[in-house]
Amino acid sequence: MEVKAVKRTLGLLGSLLLAALALAQAPAPLSPAEKEEAAKIYFDRCAGCHGVLRKGATGPALDPKKMAEKGVEYLKAVIFGGLPGGMPDWGRQGILKEKDIELVARFLLEQPPAPPVPTFEEIKKTWKVHVPPEKRPTKPLHNRNWQNFFGQVLRDTGQVAIIDGDKKELVTIVPTGFATHILRSSATGRYFMAIGRDGKASLIDLWMNPPQVVAESKPCLDARSIESSKFKGYEDKYAVVGCYWPPTMVVLDGLTLEPLKMVSTISYAKGAGELVMEARVAAIVASHFNPEWIVNLKESGQTWLVDYSNLHKKGRPLPITMIDTDLFLHDGGWALKRYFIVAANALNKLIVIDTKTREFAAEVEAGVRPHPGRGSNWEHPTYGPVWATGNIGSPEVTVVGVDPEKHPQYAWKVVKRITLPYAGTLFIKTHPNSPWVIVDFPMSPSPQAAASLCAIDKRKLEVAKCWEVPGAQELKARMVHPEFNKGGTEIWVSAWGSKDTPTFIVVYDALTLKEKARITGDWVRTPTGKFNVYNTAYDIY
Ligand code: DHE
């Protein structure tokens, strides 16, 4: 029985009894060496959701007093087996061993140690240029169709595989950061920028033969987002990394990744609430209307418009417009390449920013814990241009009208809630040339659902077909992150298994939904997000 349920049943007496039991079970305090090891595991695996300071965000706050009430055995069980709300089963997946779980459970009973905060000088020392811009090729050194390359994140090996999308052939594998998170294309598409959870940014030049990491730096200790400058005249000039810890946004030179400017995001929460020390940077996109980035702060509920056009001047001025939007901002994408739609996930809302007028435009009710990735755009015969998101906590794709100028009656309204057979969606994706929106379910607790995909009919706004991907369950894999090729004729989806077992990337025909190919090999380990060069550079989704 849940501790809460026991408490309800037994009332005050029960609470006292549980507290006494937990105290009796209380383990010895961690030795300094154990604490250091536990802090590292916590930082690498837990801080992403619960925060370095354990104040909570995507996951709940982990207050040492409350943790002590739950007791170390309960904590060990949760860390081993996960919880339906999204807590991963670290032990069952084999990522954390019994000894690690024991250490982390005991660590949670103690006050969090002060996390390190590197200086700008220390950060600058992490900067390495392997091939200076003047020594890089002026045209591609291979005959491959590099605009149809896919960058496949191999999460737990800390690598990115570059795959030739035409030939479905591995081109090369490059090292990136620990538990590599995402890739973004530079404005021209020539470079992939990777960001690791350890804050390491890598610049991959796709014109080299084979493509290679030409520059790197580590602007922070924990990061999730990276973006390039895309406005006309600034293409590939700058890059920006959004950090979880320290809570900062770091501007880099786009061609060398030299750290140029560091901005703290510690800020008051929306509505002049408390000062948030751990205001982490979530999604970042580069505006098409102005030389600026749209930067979303998760815990303080602000969206910053960051003007990068003066960075070449003395003192590197960086004007920032701060808009109070809403708390728990996470991921999001473009609608009509003008409106940036970001999920305020714990509030079950979507926030819309008009990047042309540079204003807050609307707030829309989504399903439970919306998770768009970047979402999907298409033209509907009745509603005009629409954008859609999946939801982790409810079996629904939420479709929103996005054209206030030509279809004002549908703008920022949910025009359809498409029912899915399962909850647990992380990503949906489409392409202008495909009639389908493809939906995954990697967060479903059911192995069969997690191994399945659905296709939504973009005209009828209903599920047309769902299928289990053969072979995925046997490999204990979850199908994740659909991505189209440049022409929109193929859909690629990764089978996300454990690091010990190679899996595969499956390729479907984007019209018939028939399996066309499977990319596999010893190197295909923990494939998660994959990014097509052309679609990522030109924001096609
Ligand atoms: Fe992500 C996007 C944060 C776990 C794969 N993820 C994002 C973004 C944020 C974020 C802020 C938006 C970036 C942007 O657009 O600039 N992700 C987090 C977390 O905090 C979280 C919940 C926990 C953690 O500790 O990291 C988390 N993410 C995951 C995963 O477990 C996933 C499924 C696998 C993995 O590689 O780690 C995962 N996240 C992705 C992907 C995207 C992403 C593939 C980009 C989607 C796209 O199409 O653009």
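A residue counts as buried here if 20 or more other C-beta atoms lie within 10 Å of its own. By that rule, 50% of the 541 residues of the protein chain are buried. Keep in mind that this is a predicted model.

I'll start with the overall shape. The C-alpha trace of the protein chain spans about 70 × 55 × 50 Å along its principal axes. For 541 residues, a compact globule would have a radius of gyration near 24 Å, and the protein chain has 23 Å, so the two agree. The secondary structure comes to nine helices and 35 strands. Among contacts with a separation of 6 or more, 51% join residues that are 24 or more positions apart.

Next, the domains. The domain assignment gives domain 1 as 3-107, and domain 2 as 118-148 + 171-324. Their C-alpha centres are 34 Å apart. Where they touch, nine residues of domain 1 are in contact with ten residues of domain 2. On the domain 1 side, α2 (32-45) and α3 (47-50) are the elements that give two or more residues. That side divides into five nonpolar, two polar and two charged residues.

There is also an annotation in this part of the chain. The unreviewed UniProt entry carries "domain: Cytochrome c" over residues 33-112. In the model, that stretch is 55% helix and 0% strand, with its end C-alpha atoms 15 Å apart.

One helix there is worth a look, and that is α6, residues 98-107. Its buried residues are L103, V104, A105, R106 and F107. Note that R106 is on that list. What do the buried residues of α6 pack against? They pack against α2 and α5 (72-81).

Then G59, in the loop between α3 and α4 (64-70). Is G59 buried or partly exposed? G59 has 18 C-beta neighbours inside 10 Å, and a residue needs 20 or more to be buried, so G59 counts as partly exposed. Leaving out residues up to four places away in sequence, G59 touches C49, H50 and M87. G59 and A47 are twelve residues apart in sequence, and their C-alpha atoms are 9.2 Å apart in space.

On to the ligand. There are 22 residues around the ligand, and G48, S225, A283, T528 and G529 come nearest. Which elements supply at least two residues each to the shell? They are α3, β9 (222-228), β15 (281-286), β19 (329-335), β23 (370-380), β31 (478-484) and β35 (527-532). The largest share, three residues, comes from β15. By type, the shell divides into nine nonpolar, nine polar and four charged residues. Why do we place the ligand between the two domains? Domain 1 and domain 2 both give residues to the shell, so the ligand lies between them.

Last residue: S376, which sits in strand β23. S376 has 28 other C-beta atoms within 10 Å, so S376 is buried. Setting aside neighbours within four places in sequence, S376 is in contact with W387, A388, I428, K429, T430, V437 and Y541. S376 and H431 are 55 residues apart in sequence, but their C-alpha atoms are 8.0 Å apart in space.

To recap, the ligand lies between domain 1 and domain 2, because both give residues to its shell. α3 supplies at least two residues to that shell, and α3 also gives two or more residues to the side of domain 1 that touches domain 2. That's what I have.

Key
Residues numbered from 1 in each chain as written. Predicted model: local features only at pLDDT ≥ 70, side-chain atom pairs only at ≥ 80, totals over all residues. UniProt positions renumbered as here; feature names shortened; annotations may be inferred. Helix = DSSP H or I, 4+ residues; strand = E, 2+ residues; numbered from the N terminus. Domains from an automatic or database assignment. Contact = placed C-beta atoms within 7 Å. Nonpolar A, V, L, I, M, F, W, Y, C, P; charged D, E, K, R; others polar. Rg over C-alpha atoms; globule rule 2.2 N^0.38 Å. Buried ≥ 20, exposed ≤ 12 C-beta atoms within 10 Å, placed from the backbone. Near = placed C-beta within 6 Å.
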